[in-house]
Amino acid sequence: MLEIENITVSAENNIILKDISLKIKKGEILILFGPNGSGKSTLIKTIMGISGYSILKGKILFENEDISSYPVSKRARMGIGIMFQHPPKIHGVKLSHLVEYLAPDKNYVDELSERLKIKEFLQRELNVDLSGGEIKRVELFQILLQKPKLLLLDEPESGVDIENISIIGKVLNDYFKIFHCGALIITHTGYILEYVKANKGYVMMDGKIFCGGDPEKIFNVIKENGYEKCRKCEARVSE
Ligand code: ADP
Ligand code: MG
C-alpha cells in the first residue's frame, strides 16, 4: 500500500532523513522506535506532505501512485491520516463543526464518540483547554471519522495516563481489525504494543533505519540495553 523508495529529506537546508526505504502492506502495522531527534516525526510528516520538508531524492508511492509532490489535502483524501504528537489548538472552530464536515454517518459518530468519551467536548473549541489525554482522544476521534486506510501515529501515548492509553489502544485495535487499516506507529514507551498487535518493528537513528524485526523483541532489547545495541545489530536492514 505504501512504498517509500530511498528518500533523502531536508528541512531548512539540513539533511534529516538519509536514504530511507520502507514498505507497508494493506493491514500491516509497523512500529518505529528511535531516540529523540533521530527523524521519526520527520518521516511521518514527509509521508503526509506537511510543509517544510523537501524530498531531495527518492519517492513515496501510495497504492502505486507517486504522491511525493501531492498536497496534504490530496493525501488525506486518498486515505492517509496522521495523529500528531502535539495537535494544535484551533480557536473559533468547534469539534462539532468538524464532525459535520467529516462524517455524515451519525451512527458511526455516536459509537465512536461514546467509546472515546468525547461527547462533552463537541461544543468546545478544538483542543483548547483540554488535558493531554483529552486532546489525544479528540485527535483520534477526528482521524477515525475520516476512515483512513493508512494511519500515521506519532507517539499516541505521549502525555497520556494509563486509563486514556487503554481507551485509545482498544479503539485503535478494533479499527485496525474492522477496516484492515495499515499503520506506522512511533512509540517510546511501548505501551501501545499491549493493545495493538504489530507485524514489524524498525529502529531509526541519525536519520537512517538501522534494524528491523519482531517489534516485541526489539523493544525488549532497547529496554535492557538502550539504543547502542541497535547500532551494532546484525539484523540491520534497509527496508
Ligand atoms: P524525532 O521525532 O525522532 O524525535 P524529529 O524528526 O522531530 O525527530 O527531528 C529530527 C531532527 O530534525 C532534529 O534534529 C530536529 O531538530 C530536526 N528538524 C525537524 N524538523 C525540522 C525543521 N522543520 N527544520 C529544521 N530542523 C528540523
Ligand atoms: Mg518526534
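At 11% relative accessibility, Glu 28 falls on the buried side of the cut-off, which is set at under 20%. The model discussed here is a predicted one, and Glu 28 makes a handy way into it. Its partner is Lys 200: the two form a salt bridge in which the closest N and O atoms sit 3.6 Å apart. Glu 28 belongs to the loop between β2 (14–24) and β3 (29–33), while Lys 200 is part of strand β11 (residues 200–205), so this pair ties together parts that lie 172 residues apart in sequence. Unlike the buried Glu 28, Lys 200 is partly exposed, its relative accessible area being 30%.

That pairing is one of six salt bridges counted in the model. Another is found in helix α4 (residues 106–115), where Lys 106 and Asp 110 are four residues apart, or about one turn of the helix. Their side chains meet with an N to O distance of 3.0 Å. As for accessibility, Lys 106 is exposed at 57%, whereas Asp 110 comes out as partly exposed, with a value of 28%.

Helix α4 also takes part in a bridge to another helix. Here the side chains of Asp 174 and Arg 115 come together, N to O, at 2.7 Å. Asp 174 is in helix α6 (residues 162–179) and Arg 115 in helix α4, so the pair links distant parts of the chain, 59 residues apart. Both ends are partly exposed: Asp 174 has a relative accessible area of 27%, and Arg 115 has one of 32%.

Away from the charged pairs, Leu 145 gives a look at a buried spot. This residue is in helix α5 (residues 132–145) and, at 4% relative accessibility, counts as buried. Leaving aside residues up to four places away in sequence, Leu 145 touches Val 99, Leu 102, Ala 103, Tyr 108, Val 109 and Leu 112. Ser 51, by contrast, is 24 Å from Leu 145, C-alpha to C-alpha, with their positions 94 residues apart in sequence.

Then there is ligand 1. The residues around it are Ala 11, Glu 12, Ile 16, Pro 35, Asn 36, Gly 37, Ser 38, Gly 39, Lys 40, Ser 41, Thr 42 and Tyr 53. Sorted by class, this shell is made up of four nonpolar, six polar and two charged residues. Helix α1 (residues 40–48) supplies the largest share of the shell, with three residues.

Several polar groups come up to oxygen atoms of the ligand. From the backbone, a polar atom of Gly 37 is 2.7 Å from an oxygen atom of ligand 1, and a polar atom of Ser 38 is 3.2 Å from an oxygen atom of the ligand. Thr 42 uses its side chain instead, placing a polar atom 2.6 Å from an oxygen atom of ligand 1. As for cover, ligand 1 exposes 560 Å² when taken alone, and the protein buries 65% of that.

Conventions: Residues numbered from 1 in each chain as written. Chains lettered and ligands numbered in written order. Predicted model: local features only at pLDDT ≥ 70, side-chain atom pairs only at ≥ 80, totals over all residues. Heavy atoms only, no water. Near = heavy atom within 4 Å. Polar contact = N/O pair within 3.5 Å; in protein donor to acceptor, adjacent residues only side chain to side chain. Areas by Shrake-Rupley, 256 points an atom, 1.4 Å probe, with all protein chains shown as cover. Helix = DSSP H or I, 4+ residues; strand = E, 2+ residues; numbered from the N terminus. Nonpolar A, V, L, I, M, F, W, Y, C, P; charged D, E, K, R; others polar. Salt bridge = Lys/Arg side-chain N within 4 Å of Asp/Glu carboxyl O. Buried < 20%, exposed > 50% of the residue type's maximum accessible area, 1.4 Å probe, protein only. Contact = heavy atoms within 4.5 Å.
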